[in-house]
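Trainee: Could you take me on a close look at one part of this structure? I would love to see the surroundings of a bound ligand, and then how the rest of the chain fits around that picture.

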Amino acid sequence: MEKYYFINTYGCQMNVHESEKIAGILSERGYKETKDDSKASVIVFNTCCIRENAEDKIYGNIGILKKRKKTDKDLIIAVGGCMTQQNNMAEKLKKTFPFVDIIFGTHNLEEFGKLFDKKLTQKKSVIEVLEKEKEIIEGTPKKRTSFPNAWVNIMYGCNNFCTYCIVPFVRGRERSRKLDEIVRECESLIKDGYKEITLLGQNVNSYGKDLSNGTSFATLLNAVSKIDGKFRIRFMTNHPKDFTDEMIHAINSDDKICKCVHLPVQAGSDRILKLMNRHYDRAYYEDRLNTLRKIIPNSAVTTDIMVGFPTETEEDFLDTLNLVKNSNFGGAFTFVYSRRTGTVADKMEGQIPEDVATKRIMELIAVQNEINRNQSLNYIGKTVEILCEDYDDKKQLYLGRDEFNKMVYFFSETNVIGEFLDVKIVKAGGMSLYGELIKG
Ligand code: 5AD
Ligand code: SF4
């Protein structure tokens with residue numbers, strides 16, 4: 001009889017890729033993926049704890065399984081990732097959900113297979129969350145889910161300790177993968193037909209610093225772009241504090257490298273940036289934007305912005321709003337600050353009431369939406385090269401993205417997923433564009 005797994009993934013691209021590793025481990029054991037969790041005999045929660053609402057959702061979804069677990073004795077439920085890695089969280093989870101079979105953290109995700117095998121041989125649950133990160137483990141099988149794009153970890157962890165952020169606590173210090181390992185993985189992906197590689201790290205600018213052999217992110221970009229074949233290279237995230245001129249030149253050094261940078265600004269007020277421990281001020285950030293646009297005029301910058309950080313005044317917020325109005329971001333992920341236990345900001349006086357933060361984020365979203373709309377309108381009449389990534393059943397249209405990550409829908413009689421195509425933009429609708437395929 002076929003056995004199926006279902007993975008619930010919460011949070012960022014890093015987690016999406018880590019779920020591909022969990023999927024790889026389960027596939028090696030003969031399990032197949034299902035999109036219907038009621039058919040699954042293994043259900044995994046790959047969790048996120050960056051904001052409280054992510055955690056609340058996960059709690060709710062694990063709770064739903066309690067009833068099923070009573071009758072379905074063979075069902076295996078595993079909970080892992082960032083949320084379980086927090087202090088005392090494994091015990092708390094075990095108490096709240098005694099029916100969970102496996103609890104693991106971020107530091108032993110690669111060893112999920114061992115924990116899974118152990119569970120199959122014993123009745124009691126397997127709980128293993130390591131306190132500290134280990135050496136990087138290579139060679140974990142991966143069942144990729146985002147063809148023609150492939151996620152590639154280049155480093156793990158973060159050393160920055162922004163005062164609001166839980167990530168350094170749950171993902172440990174920065175560890176870079178060896179350049180050769182990354183290049184070998186990319187070569188094999190291109191050989192397998194992948195057309196886009198996204199290099200992942202909390203702060204890709206720091207890549208290589210811990211290797212102590214002179215390897216840098218620029219060296220890595222250079223090595224990956226030397227791989228033969230037509231493909232795109234994307235990368236995220238860049239911390240503005242060390243987004244140097246050298247980095248900009250490295251991005252500009254090869255056509256394969258997308259001229260699209262995710263450069264989270266977080267806030268436009270110098271006072272708040274300092275309290276956030278971001279190591280830059282607004283003038284510095286704006287200088288980085290201007291320098292990038294001078295060196296690479298045809299480039300796009302996306303960002304992350306937070307409102308409601310402790311003590312944020314109306315004036316601070318207006319600084320953020322004003323920065324956004326002036327920056328012409330190609331897109332922005334906007335967040336309401338969420339208190340995270342263990343972080344410096346959690347202990348700060350002057351936490352902002354929810355209604356104030358909600359009002360601010362609505363205003364911020366409206367401003368950025370207007371910018372998105374204007375950018376989309378500017379596309380009309382232009383021909384762009386897109387990489388087709390999927391088919392939308394509802395719209396009955398194919399979809400893909402241009403170099404700057406703008407989504408484009410278009411009609412094609414044949415299946416063109418994984419192909420580079422020229423599309424003429426004829427209509428703009430909010431964030432998405434609609435175009436006509438130009439027959440080559
Ligand atoms: N509250 C709200 N947003 C947060 N982020 C990180 N920590 C928090 C938090 N405590 C946002 C930042 C970061 C993005 C990945 O998530 O904007 O860049
Ligand atoms: Fe969190 Fe700051 Fe590290 Fe990003 S750079 S993961 S926001 S601590």
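Mentor: Happy to; we will begin at ligand 1 and then move outward through the chain.

Please keep in mind that this is a predicted model. Around ligand 1 you will find Ile50, Arg51, Tyr164, Gln266, Asp304, Met306, Phe335, Val336, Tyr337, Ser338 and Arg340. Sorted by class, this shell has six nonpolar, two polar and three charged residues. Two strands each give at least two residues to the shell: strand 13, which covers 300–307, and strand 14, which covers 331–336.

Now zoom in on the polar atoms. The side chain of aspartate 304 has a polar atom 2.6 Å from an oxygen atom of ligand 1. In the side chain of arginine 51, an N or O atom is 3.1 Å from an oxygen atom of ligand 1. Serine 338 takes part through its backbone: a polar atom there is 2.9 Å from a nitrogen atom of ligand 1. How much of ligand 1 does the protein cover? On its own, ligand 1 has 400 Å² of accessible area, and the protein covers 87% of that.

Tyr164 is a good residue to follow from here. It belongs to the shell of ligand 1, and it also appears around ligand 2, together with Cys158, Asn160, Phe161, Cys162, Cys165, Val167, Pro168, Gln202, His239 and Arg278. The shell of ligand 2 divides into seven nonpolar, three polar and one charged residues.

Tyr164 leads us to the interior as well. The largest nonpolar core has 64 residues, and Tyr164 is among those with the most contacts inside it, along with Ile154, Leu199, Phe217, Leu221 and Phe235. Helix 8, residues 217–225, gives this core its largest share, six residues. Look at phenylalanine 235 for an example of the packing: beyond its neighbours up to four places away in sequence, it touches Thr198, Leu199, Val204, Phe217, Leu221, Ile251, Ile257, Cys258, Cys260 and Val261. Another core lies apart from the largest one; it has 26 residues, including Tyr10, Phe45, Leu65 and Val79.

Isoleucine 77 sits in strand 4, residues 76–81. Is isoleucine 77 buried or exposed? It counts as buried, because its relative accessibility is 0%, and buried means under 20%. Leaving out residues up to four places away in sequence, isoleucine 77 touches Ile43, Phe45, Leu65, Lys69, Phe99, Val100, Asp101 and Ile102. One of these partners, isoleucine 43, is 34 residues away along the chain, yet the two C-alpha atoms are separated by 5.0 Å.

Back in helix 8, have a look at threonine 219. This residue counts as partly exposed, because its relative accessibility is 35%. Setting aside neighbours within four places in sequence, threonine 219 is in contact with Leu179 and Gly214. Its C-alpha atom is 8.3 Å from that of alanine 250, which is 31 residues away along the chain.

Next, return to strand 13 and step into the loop between helix 11 (282–295) and that strand, where serine 299 is placed. Serine 299 is buried, because its relative accessible area is 16%. A polar atom of its side chain lies 2.7 Å from the backbone oxygen of isoleucine 296. Not counting residues up to four places away in sequence, serine 299 touches Lys259, Leu292, Arg293 and Phe404.

Let us finish with some details of the backbone. Most residues other than glycine have a negative phi, and most peptide bonds are trans. In this model, a cis peptide bond joins phenylalanine 147 and proline 148, with omega about 5°. Proline 148 lies in the loop between strand 6 (126–128) and strand 7 (149–153). Methionine 236 and threonine 237 are also joined by a cis peptide bond, with omega about 5°. You can find threonine 237 in the loop between strand 11 (232–236) and helix 9 (245–251).

As for phi, asparagine 277 has a positive value near 65°, and it is found in the loop between helix 10 (270–275) and helix 11. Asparagine 328 has a positive phi too, near 50°, and its place is the loop between helix 12 (314–327) and strand 14. Asparagine 277 is partly exposed, with a relative accessible area of 27%, and asparagine 328 is partly exposed at 44%. With strand 14 we are back at an element that supplies residues to the shell around ligand 1.

How values were computed
Residues are numbered from 1 along each chain as its sequence is written. Chains are lettered from A and ligands numbered from 1 in the order in which they are written. This is a predicted model: local features need pLDDT of at least 70, side-chain atom pairs count only at pLDDT 80 or more; totals for chains, interfaces and linings use all residues. Side-chain values use heavy atoms; hydrogens and water are left out. A nonpolar core is a set of buried Ala, Val, Leu, Ile, Met, Phe, Trp, Tyr and Cys residues joined through side-chain atoms within 4.5 Å. Buried means under 20% relative accessible area, exposed over 50%, partly exposed in between (1.4 Å probe, protein chains only). Helices (H or I, at least four residues) and strands (E, at least two) are DSSP runs, numbered from the N terminus. Contact means heavy atoms within 4.5 Å. A residue is near a molecule or strand if one of its heavy atoms lies within 4 Å of it. A polar contact is a pair of N or O atoms within 3.5 Å; within protein, one must be able to donate a hydrogen and the other to accept it, and residues adjacent in sequence count only if both atoms are side-chain atoms. Accessible areas come from the Shrake-Rupley method with a 1.4 Å probe; for residues, only the protein chains shown count as cover. Ala, Val, Leu, Ile, Met, Phe, Trp, Tyr, Cys and Pro count as nonpolar, Asp, Glu, Lys and Arg as charged, and the others, Gly among them, as polar.
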